[in-house]
Amino acid sequence: MGRRLLLLGPPGAGKGTQAAMVCRALGIPHISTGEMLRDHAGRGTDLGRRARAIMDTGELVPDAIVIAMVEDRLGAEDAGCGFLLDGFPRTVAQAEALDGLLAPDRSLEAVVSIEVVEDEVVQRLLDRAAKEGRSDDNEETIRNRMAVYRGQTAPLLEYYGRDGIVRTVDGMGAIEEVFGRIAAALAGG
Ligand code: AMP
């Protein structure tokens, strides 16, 4: 049985990059709601158009939409052997829905929280904006995404803290260095 993991951290903490590395190392699927939403937006689906308008402000797409996407994705065969969630859940309501989606013997076993210094992260996101041209990477949206993270997503640390499954990792430093810390945190049981 593969592992059932969640990677948590503010925008720009390097979640996407680290998630891909962890998934490659462990051979589990990478489930990123941000990627799924950008894929919809890129294909110009109805959902994608609505999501893009919200994403461009830095606010969250409605819970019902992302919960339905994740339910669908977790039902796929490859997710039966473990998975890593990246960017979902982002609200307590989503976390409660996830609990309902996962059978008791398939619940999350570890939540890795990547901690960073906010100013550093804003700079990283501005650099990414210049390189990748993501439409939600302008300074105003970035500040709002930070505020949304603090207000709506950070409470998940307490939510999962009650289960004793949170492992905190320092997200500052080189990509390989941070990956080493995550690998060590996950190796610890
Ligand atoms: P990400 O790629 O995870 O940084 O997500 C980019 C944007 O997609 C976020 O700022 C939200 O607008 C939207 N999004 C991604 N995942 C979720 C989620 N679980 N709940 C609500 N909105 C989401």
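Which residues line the second largest pocket? The views below take that up along with the rest of this predicted model.

**View 1. The second largest pocket and the residues around it.** Going along the chain, the lining is made up of Pro10, Ser113, Ile114, Glu115, Val116, Val117, Glu118, Met146, Tyr149, Arg150, Ala154 and Leu157. Two elements, strand S4 (110-115) and H7, give two or more residues each to this lining. Sorted by class, the lining has eight nonpolar residues, one polar and three charged. The volume here comes out at about 170 Å³.

**View 2. The largest pocket, with a volume of about 1200 Å³.** This one is lined by 48 residues, and the closest to its centre are Gly12, Gly16, Arg128, Arg134 and Arg145. As for classes, count 18 nonpolar, 16 polar and 14 charged residues in the lining.

**View 3. The helices and strands that build the largest pocket.** Two strands to look for are S1 (4-8) and S2 (30-32), each with at least two residues in the lining. The helices that also supply at least two residues each are H1 (15-26), H2 (33-43), H6 (118-132), H7 (139-153) and H9 (175-187). H6 is the top contributor, with six residues. H7 is worth a second look, as it helps line the largest pocket and also gives two or more residues to the lining of the second largest pocket.

**View 4. The ligand in the largest pocket.** Now zoom in on the ligand, which has 16 residues around it. Those that come nearest are Thr33, Arg38, Glu59, Gly87 and Gln94. H2 accounts for the largest share of this shell, with four residues. Split by class, the shell holds six nonpolar, four polar and six charged residues.

**View 5. Polar atoms of Thr33, Arg38 and Gly87 facing the ligand's own nitrogen and oxygen atoms.** Start with Thr33: one of its polar side-chain atoms lies 2.8 Å from a ligand nitrogen. Arg38 also uses its side chain, placing a polar atom 2.9 Å from an oxygen atom of the ligand. With Gly87 it's the backbone that takes part, as a polar backbone atom there is 2.9 Å from a ligand nitrogen. How much of the ligand does the protein bury? On its own the ligand exposes 480 Å², and the protein buries 96% of that.

Definitions and conventions: Residues are numbered from 1 along each chain as its sequence is written. This is a predicted model: local features need pLDDT of at least 70, side-chain atom pairs count only at pLDDT 80 or more; totals for chains, interfaces and linings use all residues. Side-chain values use heavy atoms; hydrogens and water are left out. On a 1 Å grid over the protein atoms alone, a cavity is a set of points where a 1.4 Å probe fits but cannot get out, and a pocket is an open set with protein on both sides within 12 Å along at least five of seven lines; lining residues have an atom within 4 Å of a point. Grid points are joined across faces, edges and corners, and a volume is the space filled by probe spheres set on the points. Ala, Val, Leu, Ile, Met, Phe, Trp, Tyr, Cys and Pro count as nonpolar, Asp, Glu, Lys and Arg as charged, and the others, Gly among them, as polar. A residue is near a molecule or strand if one of its heavy atoms lies within 4 Å of it. A polar contact is a pair of N or O atoms within 3.5 Å; within protein, one must be able to donate a hydrogen and the other to accept it, and residues adjacent in sequence count only if both atoms are side-chain atoms. Accessible areas come from the Shrake-Rupley method with a 1.4 Å probe; for residues, only the protein chains shown count as cover. A molecule sits in a cavity or pocket if more than half of its atoms lie within 2 Å of its grid points.
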